[in-house]
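Please work through the following exercises with the sequence and the coordinates open beside you. Each task is followed by a solution that proceeds step by step.

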Amino acid sequence: MSIGIGGAGSKLASLLGPEKATIVNVSQSELDKTEARNKILAVAHSSRGKFQGAGKNPEVGRTAFVSISEAIYELIKGEIVFTSTGGGTGNGIVSVLLNKIAGEPSISLNDKTLFAFILPYVELESAEFVENTVAFLMGPVSQAIDSGNTGNMILFSNKLKFEGRIAEYDYNTMLASGLNNFLSIPRKGDEMELLDGHVDHEDFRVYLSKPYFNHFCQFEYTPNRPFADLLKESCNQTLLPPEQPIEAMFLLEVPDRDMTSCFYNILDYFAADHVKPAYGVVLNPTLKKPVLTLSLLYSRKPKELVDDFCNMVERMTQKRLKKTINQFIQLEEHHINVEEAVRKIESEDESSRSVLEVLGRLKKLR
Ligand SMILES: Nc1nc2c(ncn2[C@@H]2O[C@H](COP(=O)(O)OP(=O)(O)OP(=O)(O)O)[C@@H](O)[C@H]2O)c(=O)[nH]1
Ligand SMILES: [Mg+2]
């Protein structure tokens, strides 16, 4: 089951499978727009009456959490939670959830929650989205990671959406299908003929329960090319780029059993970094070339993520500032009587007398 909180979170949870999705919002009209099996209205009252949205204010989301507290906390156990980090509803409600999780003495493996966050694109999205994201990463995300009580965290980025000018629905479909490819690993391991290794549902569950960032990707695997090059070219553009992996998992689908042993190249690549991936190699006769579905777990301090964000914000601010100066600052015209100005300097400073003499000679020359 997936739980989508706020606008973006709900749309993604629904795309992953509306029949298994629960969506949460403070706005009934937002809930009505998205297909899902279960819809929860969180209530946040103001002096103006019910909110139509949190208006980018996470405090509204945090307040609304009280109305759904127990139900939602039970619901997310062992499931995937989607939210954007920039809006008010998703950020506010998930902040409280993460704080609650971080405050638990421990959480059993099967109850750990996977979190998928959608980060804004700093260059083109509003400053509030970026500020909310920074506070979210530095506070609740940081504490939840330190507690070790969450499952994997997935960091989707809207960078490619904006740079590639991709329509929202199409981009969401890309995010959901990338995640689906990764989540299909144990099912494919079950359904297809296993040629080497082994990744079953239990191994997969254990992998998902680790409190690290998860970068997953899928690409055609060309065994005779250096794996480092392939990986560099094929990493998932809808996610933040990965750091050095701590753990890895892959499923290699080959069209022909003669190709089975090409997976050793992948093991060699990871062995250089002392990483021993969990893996499975399966036969998929419908393919023309081998296809690799790979996941890397890496650790990153939220502060470093925020530093990246802040650097981008700073670059943007400098660019804007330069543009503003060029556009709006007009230099005032000053009329200066040179002789008077020099005389003034001369009265303040002995060494300037020669300047006046030079000017005098120049006048004679004219
Ligand atoms: N990829 C993607 N990003 C989205 C989508 N909808 C919103 N966003 C991003 O999510 C952030 C805004 O968050 P929303 O999820 O709309 O906000 P919310 O949690 O509903 O909170 P409020 O609307 O403030 O009540 C911005 O960074 C948007 O670019 C979507 O459908 N797909
Ligand atoms: Mg909204």
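**Exercise 1. The burial and packing of helix 3**

Task: In this predicted model, determine how many residues of helix 3 are buried, which elements cover the buried residues of helix 3, and at what angle helix 3 and helix 5 pack.

Solution. Begin with the burial count: 7 of the 8 residues of helix 3 are buried, and the helix is therefore described as mostly covered, given that a residue is buried if 20 or more other C-beta atoms lie within 10 Å of its own. The buried residues of helix 3 are P58, V60, G61, R62, T63, A64 and F65.

Next, look for what lies over them: the cover of these buried residues includes helix 4, helix 5 and helix 6 (127-147).

Then turn to the pair formed with helix 5. Two packed helices are described by the angle between their axes and the distance between the axes. For helix 3 (residues 58-65) and helix 5 (residues 89-102), the angle is about 50 degrees and the axes are 6 Å apart. That angle makes helix 3 oblique to helix 5, and the crossing of helix 3 and helix 5 is right-handed. On the side of helix 3, the contact is made by P58, E59, V60, G61, R62, A64 and F65, while helix 5 contributes T89, G90, N91, G92, I93, S95 and V96. Sorted by class, the contact of helix 3 with helix 5 has 6 nonpolar, 6 polar and 2 charged residues.

**Exercise 2. Helix 1 and its packing against helix 8**

Task: Establish how many residues of helix 1 are buried, and describe how helix 1 and helix 8 pack in terms of angle and axes.

Solution. Counting first, 11 of the 11 residues of helix 1 are buried, and the helix is mostly covered; the buried residues run through G6, G7, A8, G9, S10, K11, L12, A13, S14, L15 and L16. Helix 1 is followed by G17, whose phi is positive, near 145 degrees.

For the packing, helix 1 and helix 8 meet at an angle of about 55 degrees, with their axes 9 Å apart. This makes helix 1 oblique to helix 8, and the crossing of helix 1 and helix 8 is right-handed. The contact consists of K11, L12, L15 and L16 from helix 1, together with N172, T173, L175, A176, L179 and N180 from helix 8. By class, the contact of helix 1 with helix 8 has 6 nonpolar, 3 polar and 1 charged residues.

**Exercise 3. The surroundings of ligand 1**

Task: State how many residues surround ligand 1, and decide which element gives the largest share of the shell around ligand 1.

Solution. The shell around ligand 1 holds 24 residues, of which the closest are G6, A54, S84, G87 and G90. Assigning the shell to secondary structure, the elements that give two or more residues are helix 1 (6-16), helix 5 and helix 8 (168-183). The largest share, 5 residues, comes from helix 1. As a last step, sort by class: the shell around ligand 1 has 6 nonpolar, 13 polar and 5 charged residues.

**Exercise 4. Three loop residues**

Task: Say where G78 lies, and which residues G78 touches, not counting residues up to four places away in sequence; then determine whether R165 counts as buried or exposed, and likewise whether H274 counts as buried or exposed.

Solution. G78 belongs to the loop between helix 4 (69-75) and strand 6 (80-84). Because 18 C-beta neighbours lie inside 10 Å, G78 counts as partly exposed. Setting aside residues up to four places away in sequence, G78 touches N110, D111, K112 and T113. Of these, N110 is 32 residues from G78 in sequence, yet the C-alpha to C-alpha distance between G78 and N110 is 5.5 Å.

For the other two residues, recall that most residues other than glycine have a negative phi. R165, in the loop between helix 7 (159-163) and helix 8, has a positive phi near 50 degrees, and R165 counts as exposed because it has 8 C-beta neighbours inside 10 Å. H274, in the loop between helix 12 (263-271) and strand 12 (278-283), has a positive phi near 60 degrees, and H274 counts as exposed because it has 7 C-beta neighbours inside 10 Å.

Methods. Residues numbered from 1 in each chain as written. Chains lettered and ligands numbered in written order. Predicted model: local features only at pLDDT ≥ 70, side-chain atom pairs only at ≥ 80, totals over all residues. Axes fitted to C-alpha atoms, helices over the stretch in contact; angles between N-to-C directions. Helix = DSSP H or I, 4+ residues; strand = E, 2+ residues; numbered from the N terminus. Parallel < 35°, antiparallel > 145°, perpendicular 65-115°, else oblique. Left-handed = near helix turned anticlockwise from the far one by under 90°. Contact = placed C-beta atoms within 7 Å. Nonpolar A, V, L, I, M, F, W, Y, C, P; charged D, E, K, R; others polar. Near = placed C-beta within 6 Å. Buried ≥ 20, exposed ≤ 12 C-beta atoms within 10 Å, placed from the backbone.
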